[in-house]
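Work through the following exercises with the sequence and the three-dimensional model side by side. Each task is followed by a solution that proceeds in steps.

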Amino acid sequence: MTGPILSVRDLRVHFPVHVRGGLFGRRVPLKAVDGVSFDLTPGETLGIVGESGCGKSTLGRAVLQLIEPTAGDVIWLGQGIAGLNARAMRPRRREMQIIFQDPLASLDPRMTVGQVVGEPLRTFNPGMPREELRGRVKDMLAKVGLSPQMINRYPHEFSGGQCQRIGVARAMVLHPKLIVCDEPVSALDVSIQGQIINLLMELQAEFGMSLIFISHNLAVVRHISHRIMVLYLGRVMEIADRDTLYRAPRHPYSKALISAVPIPDPDLERAKQRIVLAGDLPSPLAPPSGCVFRTRCPLAVERCAVETPELEDAGAGQQVACHRWRE
């Protein structure tokens, strides 16, 4: 396939929230995702980073149509899928899977590992012979580093890292073209995080699927991603390839995030200049006018309060949403 496997255009997800005020109160839109656009090519990993509450997980679920977008287009394999009902989306579900943040909570405790991993096969291939299904489940368990003899065990018998491997096997058993990884290693120990990340990269090299990797850990995102998108209050601040973003970030928010990434060398870690942002993340119920980052930005000027910056081409595939990025 030539061109993007997934195209997202001006995607918005607004949740109506009832707030107090007046006699009966009023409804205010919570702008979780507010005008996000990007492309994803076959075999590519797009990392999505930002503080908690910036809309990363909502964006991932909206792409999969697990949350209905308020506006915008999601184009999957050349066809628009935004707003499709469950019946129309069903044939596309086998091509798009998700790995969740909490490995144990995402697995049904009443089902064996074989039933958990085999459920997608039973759903989309109801006529598959039992032995063939069982064989495919065992093969996938082996690919994610688990013994096929574990097929009759239950999730509570496994560690957190093993449960996440089961979640990966379930997502991969249909050989999808896209997997959304929603902070898949944040609940795991550091040593186990590396194992799961390497596993995902090995499976991607073998099967060629695309990944959307959501995380607040920029060190992890740098290791696995080809390109990185920085989100703040539901808007894109910057998009660039991995090396460009870490070497020469253009947006003040990107610079602050990268300055917080620890360096293994203790001398370099002590010598580096940390950028500390002022204030807290504003409420998405009442985002700042103009540039949503302006209330914490050290470069903010009057123009930032009245004019929303659009993504501009900064060269080398880098795009920045900042009025003053050239400075």
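A cavity is a set of points, on a 1 Å grid over the protein atoms alone, where a 1.4 Å probe fits but cannot get out, and its lining residues have an atom within 4 Å of a point. Grid points are joined across faces, edges and corners, and a volume is the space filled by probe spheres set on the points. This is a predicted model, in which local features need pLDDT of at least 70 and side-chain atom pairs count only at pLDDT 80 or more, while totals for chains, interfaces and linings use all residues. Residues are numbered from 1 along each chain as its sequence is written, and side-chain values use heavy atoms, with hydrogens and water left out.

**Exercise 1.** Determine how many cavities of 30 Å³ or more the structure holds, and describe their linings.

Step 1. There are 2 cavities of 30 Å³ or more, and the largest has a volume of about 70 Å³. Of the 13 residues lining the largest cavity, Cys 291, Cys 297, Cys 304, Cys 322 and His 323 are the closest to its centre.

Step 2. The second largest cavity contains about 30 Å³ of space, and its lining consists of Arg 235, Val 236, Met 237, Cys 291, Val 292, Thr 308, Pro 309 and Ala 321.

Step 3. To classify the linings, count Ala, Val, Leu, Ile, Met, Phe, Trp, Tyr, Cys and Pro as nonpolar, Asp, Glu, Lys and Arg as charged, and the others, Gly among them, as polar. The lining of the largest cavity then divides into 9 nonpolar, 2 polar and 2 charged residues, and that of the second largest into 6 nonpolar, 1 polar and 1 charged.

**Exercise 2.** Place strand S10 (residues 235-241) in its surroundings.

Step 1. Strands (E, at least two residues) are DSSP runs, numbered from the N terminus, and two of them pair if DSSP finds at least two bridges between them.

Step 2. S10 pairs in the antiparallel sense with strand S9 (residues 227-232) over 6 bridges, where Val 230 has Glu 238 in S10 as its bridge partner. The hairpin of S9 and S10 has 2 residues between the strands, and in this hairpin Leu 233 takes a positive phi near 50°.

Step 3. S10 also pairs in the antiparallel sense with strand S12 (residues 318-320), over 2 bridges, and Gln 319 in S12 is the bridge partner of Ile 239.

Step 4. Buried means under 20% relative accessible area (1.4 Å probe, protein chains only). Because 6 of the 7 residues of S10 are buried, this strand is largely enclosed by the rest of the structure.

Notes: On a 1 Å grid over the protein atoms alone, a cavity is a set of points where a 1.4 Å probe fits but cannot get out, and a pocket is an open set with protein on both sides within 12 Å along at least five of seven lines; lining residues have an atom within 4 Å of a point. Buried means under 20% relative accessible area, exposed over 50%, partly exposed in between (1.4 Å probe, protein chains only). Helices (H or I, at least four residues) and strands (E, at least two) are DSSP runs, numbered from the N terminus.
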